[in-house]
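Biologist: I have one request. Please take one part of this protein and walk me through it closely, strand by strand. Then place that part within the chain as a whole.

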Amino acid sequence: MKPLDGLLVLDFSVFLAGPVCALRLADLGARVIKVERPDGGDLCRSLYISEQDVDGDSTLFHSINRNKESFAANLKDADDAAAVRELIKKADVLITNFRPGVMDRIGFGYDAVKELNPRLVYGSISGYGDEGPWVRKPGQDLLAQALSGVMWLTGDGLEDEDADPAPVPMGLAVADLFAGHFMVQGLLSLLVRRGVTGEGGLVEVSLLEAMLDFQFEVLTTHLNDGGRLPKRSAVGNGHAYLSAPYGVYRTTDGWLAVAICPLAKLGEVIGLPALNDYDASQAFQQRDVIKTLLADHLRTQTTQHWLDVLEPADLWCAPILDWPALMEQEAYKVLDWQHEIERPDGRSLTACRCPLRVDGSVLKSPKPAPVIGAQTQAIKEELGLC
């Protein structure tokens, strides 16, 4: 028995932030019904991040919407809306990520649905909250990264302190993913409260708030040190607020990440006595000078050579792996990270499992992403609407 067995979740959301929240609830055992338009469904079905097509939909859609059912409904149609209201009466959780006001205008905002089901836990994800001048901005991941400061914070700085280093996006849809996972936390907390009070509630999060929380460690420093801005290291920047040697370095055959290490010990182990000229108090002030010395030295040997001398000395480092190299590692294999999804045509799709372990077991399900409306008729019969 999975932790959320018996829980019914209605996923009205599209693209990534809301659906990834619903996916995690499904992985934990909830029954998730994706409510989507009959004419095309979730727009993520046609949002391609590669040229690969699976059963007429993008691999992105399949990765986010596996283990769900699909109920096709035009919420502006009276009969379809009535059927969805019957679903809501039986649901435990409802998830939406439309712009503020959209669900209210079509009669499915929180105030309307809590009259149908006072025990319902309602989760709403927006781009920038439901008030203020950014309400109408598109709630899109790259834009949220740009507005939140995280893109400005990432990447290498420049040696010229007066120059403006190029901002670097994270390379993943981190705003969507964090917002979705924060929503999971909020929904589960309200479900716990409902177990005590018997009443549902509303939980809200925005992409912007997710990105601000993502940066809370460094933002707290900024808010309490006179508003000084961090300076990104010009050499292999790993963290704008951390001193040398923290960063990434090229070797003769790849790259090496070096984390927090005492400079004197590091210099002794790798044969770079020049590091002894700098004490801990200088490790930040002279960060780029120190890292330049280290970068020039590490470039003379292979990654494995440095691992062989650094790891036995308990100096924190790691090779920088691409996906094929990662998947060859025994450490990856023992995670049992991949699993096969059964497709309608009998073939399979390799997917990533839920990262949680419950009672010592990993959480997997062979259930694929649904075809638009695949379960509509069966659900209507279940509700007594046919």
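Modeller: Start with a term: two strands count as paired if DSSP finds at least two bridges between them. Keep in mind that this is a predicted model. The part I have chosen is an open sheet of six strands.

Read across the sheet, the order is β5-β2-β1-β6-β7-β8. The pairing is parallel. As general background, strands of a sheet pair through backbone hydrogen bonds, and they do so either parallel or antiparallel.

Which strands stand at the edges? They are β5, residues 69-72, and β8, residues 201-206. Each has a single partner strand, so one side of each is left without a neighbour in the sheet. From one strand to the next, the twist averages 20°.

Now look at one pair within that order. Strand β1 covers residues 8-11, and strand β2 covers residues 31-36. Four bridges join β1 and β2 in the parallel sense. To find one bridge on screen, pick aspartate 11. Its bridge partner is lysine 34, in β2.

Next, the helices that lie across these strands. Helix α3, residues 78-90, lies across β1, β2, β5 and β6. Here β6 is the stretch 93-96. Against β1, helix α3 runs at about 140°. Helix α17 comes from residues 376-383. It lies across β2 and β5. Its angle to β5 is about 80°. So much for that end of the order.

At the other end, go to β8. Glycine 201 sits in this strand. Is glycine 201 buried or exposed? Its relative accessibility is 3%, so glycine 201 counts as buried. Set aside the residues up to four places away in sequence, and glycine 201 touches Tyr110, Leu120, Val121, Tyr122, Leu190 and Arg193. For a sense of distance, take histidine 62 as a second marker. Glycine 201 and histidine 62 are 139 residues apart in sequence, and their C-alpha atoms are 30 Å apart in space.

Compare the pairing of β9 and β10. Strand β9 is residues 247-250, and strand β10 is residues 255-258. These two pair in the antiparallel sense, over four bridges. Together they form a hairpin, with four residues between the strands. Valine 248 stands opposite alanine 257 in β10. Strand β9 has two faces: Gly247 and Tyr249 lie on the covered one, Val248 and Arg250 on the uncovered one.

One more residue to click on is histidine 297. Its place is in helix α13, residues 287-298. With 18% relative accessibility, histidine 297 counts as buried, because the cut-off is under 20%. Leaving out neighbours within four places in sequence, histidine 297 is in contact with Ile270, Gly271, Leu272 and Trp306.

Finally, zoom out to the chain. The protein has 17 helices and 15 strands. Its C-alpha trace spans about 80 × 50 × 45 Å along the principal axes. Of its 386 residues, 45% count as buried. Among contacts with a separation of 6 or more, 68% come from residues 24 or more positions apart. The accessible surface comes to about 19900 Å², and carbon and sulfur atoms hold 55% of that. There are 36 positive and 54 negative charges, and their mean positions are 6 Å apart.

Terms used:
Residues numbered from 1 in each chain as written. Predicted model: local features only at pLDDT ≥ 70, side-chain atom pairs only at ≥ 80, totals over all residues. Heavy atoms only, no water. Axes fitted to C-alpha atoms, helices over the stretch in contact; angles between N-to-C directions. Contact = heavy atoms within 4.5 Å. Buried < 20%, exposed > 50% of the residue type's maximum accessible area, 1.4 Å probe, protein only. Areas by Shrake-Rupley, 256 points an atom, 1.4 Å probe, with all protein chains shown as cover. Lys, Arg positive; Asp, Glu negative; His and termini not counted. Charge placed at Lys NZ, Arg CZ, Asp CG, Glu CD.
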